[in-house]
Amino acid sequence: MGEKMMIKFKKYWEEYSVVLAFGAVLDPRFKLNTLVHCYNEIDLISAKDKVEHVKSKLYKLFEVYDQISSTTAESSSQLSSNFSQATSSAIGTHLIKIDLMSRNQEAEVKSGKNQLEIYLSEATLFCNNAIINVLQWWKDNHHRFPTLSLMACDLLSIPITTVASESAFSMGSHVLNKYRSRLLSDNVEAVICTRNWIRGYDDFEEDKDQEDIAKGEGYSPGVGSNDVIDLYEDEDEN
């Protein structure tokens, strides 16, 4: 039993989610220290390599956002010079944002660190067990980390779904069957994710039972009759 458990553990540990690790690092209460501690608790031998892998991916992603932000700032500066004579409040606000971005870039050059390095070097946020809104924290600190805050909000706003691969294949077979075989892979993924976010996974088992009952009563839907699943089908029947 122990050998089988170890095989299962290694399978899931080798396929750990880097995106979930990003979420922990970009939480000001945790950062890398908590990630290192958790990885060491799981597997001390491979923890260091996995942390370095997460850091490498995180820095590469930040470089992409930084390049996009630099390009946007340059185009915004050009736009502001073309409308330098305008006096509207919108243009004024826009110029203030450009000035803040330029100041942050100058601070980065002087310190020799980028926004991600500065964020990771600071102490973790002490909240005394109080519940905080992490997205709101990044919004409030946008002036300090303009590029990093955008990346953090994009990552932290992703609806995360964790489920065993066997369960995913089982649910996929309920969506894509011999009566509904023309759905594209992207549409199948969209249906499964949307239904999970709205109703959870348990409803797939109920649908399977209802399909078996319908088949037993002699009901068979036409081949390719519907390419879309009604997410509220069970509620209408009740």
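Glu-122 is partly exposed, with 29% of its relative area accessible. Its side chain meets that of Arg-144 in a salt bridge, 2.3 Å from N to O, and we'll come back to that pair below. Bear in mind that this is a predicted model. The overall picture is a chain of 238 residues with twelve helices and zero strands.

**Salt bridges**

- The count of salt bridges comes to two.
- One of them joins Arg-144 and Glu-122, with N and O 2.3 Å apart.
- This pair ties together distant parts of the chain, as the two residues are 22 residues apart. Arg-144 sits in the loop between α7 (134–140) and α8 (146–156), while Glu-122 sits in the loop between α6 (115–121) and α7.
- Arg-144 is partly exposed too, at a relative accessible area of 32%.
- Asp-27 and Arg-29 form a salt bridge as well, and here the closest N and O atoms are 2.7 Å apart.
- Buried or exposed, what is Asp-27? Asp-27 counts as buried because its relative accessibility is 7%, under the 20% cut-off.
- Its partner Arg-29 comes out at 24%, so Arg-29 counts as partly exposed.
- As general background, side chains of opposite charge can pair when their charged atoms come close.

**Overall make-up**

- Reading along the sequence, you get α-α-α-α-α-α-α-α-α-α-α-α.
- Buried residues account for 26% of the chain.
- The accessible surface of the chain is about 16,100 Å², and carbon and sulfur atoms own 56% of that.
- Take the contacts between residues at least 6 apart in sequence: 69% of them join residues at least 24 apart.

**Helix α10**

- Does the length add up, or what span should α10 have? Helix α10 covers residues 185–199, and at 1.5 Å a residue its 15 residues should span 21 Å. The end C-alpha atoms are 21 Å apart, so the model agrees with the expected span.
- The buried residues in α10 are Val-188, Val-191, Ile-192, Arg-195, Asn-196 and Arg-199.
- These residues cover an arc of only 120° around the axis, so they lie on the same side of α10.

**Lys-31 in helix α3**

- Lys-31 belongs to helix α3, which runs over residues 31–42.
- Its phi is positive, about 60°, although Lys-31 is not a glycine.
- Lys-31 also counts as buried because its relative accessibility is 4%.

**Tyr-59 in helix α4**

- Tyr-59 lies in helix α4, residues 47–82, and at 22% relative accessibility Tyr-59 counts as partly exposed.
- Which residues does Tyr-59 touch, leaving aside its neighbours within four places in sequence? Tyr-59 is in contact with Asn-114, Leu-116, Glu-117 and Leu-120.
- Tyr-59 and Leu-116 are 57 residues apart along the chain, yet their C-alpha atoms are separated by 7.7 Å.

**Cysteines**

- How many disulfides are there? The count is zero.
- Cys-38 is partly exposed, since its relative accessible area is 38%.
- Cys-153 is partly exposed as well, with a relative accessible area of 28%.

Technical notes
Residues are numbered from 1 along each chain as its sequence is written. This is a predicted model: local features need pLDDT of at least 70, side-chain atom pairs count only at pLDDT 80 or more; totals for chains, interfaces and linings use all residues. Side-chain values use heavy atoms; hydrogens and water are left out. Helices (H or I, at least four residues) and strands (E, at least two) are DSSP runs, numbered from the N terminus. Buried means under 20% relative accessible area, exposed over 50%, partly exposed in between (1.4 Å probe, protein chains only). A disulfide is a pair of cysteine sulfur atoms within 2.5 Å. The expected span of a helix is 1.5 Å times one less than its number of residues. The arc is that of the directions from the helix axis to the C-beta atoms. Contact means heavy atoms within 4.5 Å. Accessible areas come from the Shrake-Rupley method with a 1.4 Å probe; for residues, only the protein chains shown count as cover. A salt bridge is a side-chain nitrogen of Lys or Arg within 4 Å of a carboxyl oxygen of Asp or Glu.
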